[in-house]
Amino acid sequence: MLLVNARLATLQPGAPWGAIDDGALAIEGDRIAWVGAASEIPSQFRSREAVDLEGRLVTPALIDCHTHIVFGGNRAKEFELRLQGASYEEIARAGGGIVSTVSATRRQGEAALLADALTRVDALIAEGVTTIEIKSGYGLDIETECKMLRVARQIEKARPVRVRTSFLGAHAVPAEYRRRADAYIDEVCIPALRAAHGEGLVDAVDGFCEGIAFSPQQIGRVFDEAGRLGLPVKLHAEQLSNLGGARLVASRGGLSADHLEYCDEGDAQALADAGTVAVILPGAFYTLRETQAPPIAVFRKHGVAMAVATDCNPGSSPLASLLLAMNMACTLFRMTPEEALAGVTCNAARALGLADCGTIEAGKRADLAIWNASHPAELAYRIGFNPLHRRIFGGHW
């Protein structure tokens with residue numbers, strides 16, 4: 001197809017937003033064949049019947065690069081407890097939090113987990129999302145960790161969306177291993193990783209490096225196994241304290257470090273040197289009513305690429321709107337609208353190790369979002385409003 005009369009935000013470097021005001025682009029198969037000014041359409045594309053977009057905005061399709069979208073049950077009761085003054089850490093140490101979702105996820109079968117997850121996936125697709133990262137981590141046993149990742153793979157078959165999976169066995173210590181975190185790593189987490197990898201279910205390996213979860217040394221052992229299996233790593237780091245997780249994942253050449261509220265300048269420099277993306281998760285900051293924001297200005301100063309994601313999960317971020325996450329990143333953390341859009345397109349692709357999407361340029365996948373908007377800042381500006389006109393996934397409406 002040939003799309004004309006479009007305002008393009010290509011996210012290519014060189015101009016703000018990579019903008020082309022009177023733009024056009026040609027698609028062949030599932031790829032972008034050409035993009036540029038309408039006055040410069042190559043002759044081989046001019047004979048095609050053009051689709052007039054009537055001045056609408058076109059961006060790369062959105063990418064949600066951090067979700068826990070497959071889970072059982074909900075944690076609405078904990079929401080009430082937090083409103084009454086209980087902290088996330090207090091709830092977790094009392095047996096709530098991640099561990100409470102584990103029980104519900106273990107009980108639920110694959111069909112039920114898939115049906116529930118699709119309701120959240122559909123909400124993201126409706127906002128122009130074509131790629132979603134999905135983590136395990138609510139099983140904390142070999143069988144359920146693999147079950148979660150199988151469900152994540154099934155989502156690609158049930159919906160026109162691309163899924164990248166992350167093994168998150170090092171998410172929390174289950175009740176049966178309470179105060180025996182090292183034994184859990186050796187007896188469950190690493191064997192579960194091997195089993196999931198053996199089924200072809202793992203694209204990357206994640207962990208939660210925090211006082212209520214795992215130490216850098218314990219995460220390091222999981223990362224050692226990921227290295228032996230040839231899998232890239234990422235990490236929940238510096239969300240509630242600074243244990244050195246950001247520097248750990250940077251030292252391993254990790255794809256991303258996520259949350260990062262307690263990062264310092266040395267951490268930022270380590271991320272920049274490693275090319276590790278900082279994934280900003282305003283939904284968790286908002287839901288937990290945190291007060292220490294991630295150091296956006298420091299990341300900017302050191303040239304750390306910043307992605308933005310929903311962190312969709314049943315406890316700390318029950319958020320299934322990437323557009324709202326963009327607005328939160330700007331309003332709560334003072335990211336610019338351009339940084340927010342890059343955060344859900346080109347930088348989100350980097351956080352997943354994907355080189356074939358995230359910008360509008362020849363050779364990339366034809367994953368596009370067409371908006372009833374005239375300027376890309378509108379996407380982060382509105383609250384509770386979805387201006388999506390059409391979505392193109394792999395060259396198909």
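**Exercise 1. Trace a salt-bridge network.**

Arg106, Asp141 and Glu176 are joined in a network of salt bridges. A salt bridge here is a side-chain nitrogen of Lys or Arg within 4 Å of a carboxyl oxygen of Asp or Glu. The model is predicted: local features need pLDDT of at least 70, side-chain atom pairs count only at pLDDT 80 or more, and totals for chains, interfaces and linings use all residues. Residues are numbered from 1 along each chain as its sequence is written, and side-chain values use heavy atoms, with hydrogens and water left out.

Task: find the distance between Arg106 and Glu176, and state which parts of the chain the pair ties together.

Solution.
- Step 1. Take the closest N and O atoms of Arg106 and Glu176: they are 2.9 Å apart.
- Step 2. Place the residues. Arg106 lies in helix 4, and Glu176 in the loop between strand 8 (162-170) and helix 7, so the pair ties together parts 70 residues apart in sequence. Helices (H or I, at least four residues) and strands (E, at least two) are DSSP runs, numbered from the N terminus.
- Step 3. Check accessibility. Arg106 is partly exposed, at 27% relative accessible area. Glu176 is partly exposed too, at 41%. The classes are buried (under 20% relative accessible area), exposed (over 50%) and partly exposed (in between), with a 1.4 Å probe and protein chains only.

**Exercise 2. Set two further salt bridges side by side.**

Task: for Arg159 with Asp122 and for Arg153 with Asp203, give the N to O distance, the location and the burial.

Solution.
- Step 1. Start from the total: the whole structure holds 25 salt bridges.
- Step 2. Arg159 and Asp122 meet at 2.6 Å, N to O. Arg159 sits in the loop between helix 6 and strand 8 and Asp122 in helix 5, so this pair ties together parts 37 residues apart in sequence.
- Step 3. Arg159 is partly exposed at 27%. Asp122 is partly exposed at 31%.
- Step 4. Arg153 and Asp203 meet at 3.1 Å, N to O. Arg153 belongs to helix 6 and Asp203 to the loop between helix 7 and strand 9; they are 50 residues apart, and the pair links distant parts of the chain.
- Step 5. Arg153 and Asp203 are both buried.

**Exercise 3. Describe the packing of helix 4 and the core.**

Task: list the buried residues of helix 4, name their packing partners, then find which residues touch the most other members of the largest nonpolar core.

Solution.
- Step 1. Helix 4 spans residues 98-107; Ile98, Val99, Thr101, Val102, Ala104 and Thr105 are buried.
- Step 2. These residues pack against helix 3 (88-93), helix 5 (110-125), helix 6 (142-158) and strand 9 (204-209).
- Step 3. Turn to the largest nonpolar core, with 104 residues: Ile155 and Phe299 touch the most other members. Helix 7 (residues 181-198) gives the most to this core, 10 residues. A nonpolar core is a set of buried Ala, Val, Leu, Ile, Met, Phe, Trp, Tyr and Cys residues joined through side-chain atoms within 4.5 Å.
- Step 4. List contacts of Ile155, leaving aside neighbours within four places in sequence. They are Ile69, Val70, Leu114, Ala117, Leu118, Val121, Ile134, Val161 and Val163. Contact means heavy atoms within 4.5 Å.

**Exercise 4. Compare two positive phi values.**

Task: locate Glu54 and Asp311, and decide for each whether the residue is buried or exposed.

Solution.
- Step 1. Glu54, not a glycine, has a positive phi near 55°. Asp311 has a positive phi of about 60° and is not a glycine either.
- Step 2. Glu54 is in the loop between strand 4 and strand 5 (57-60). Asp311 is in the loop between strand 13 (306-308) and helix 13 (322-333).
- Step 3. Glu54 is exposed, at 58% relative accessibility. Asp311 is buried, at 1%.

**Exercise 5. Check the cysteines.**

Task: count the disulfides, then find the nearest cysteine sulfur for Cys146 and for Cys263.

Solution.
- Step 1. The whole structure contains 0 disulfides. The criterion is a pair of cysteine sulfur atoms within 2.5 Å.
- Step 2. For Cys146, the nearest cysteine sulfur is that of Cys189, 11 Å away. Cys146 is buried, at 4%.
- Step 3. For Cys263, the nearest cysteine sulfur is that of Cys209, 11 Å away. Cys263 is buried, at 9%.
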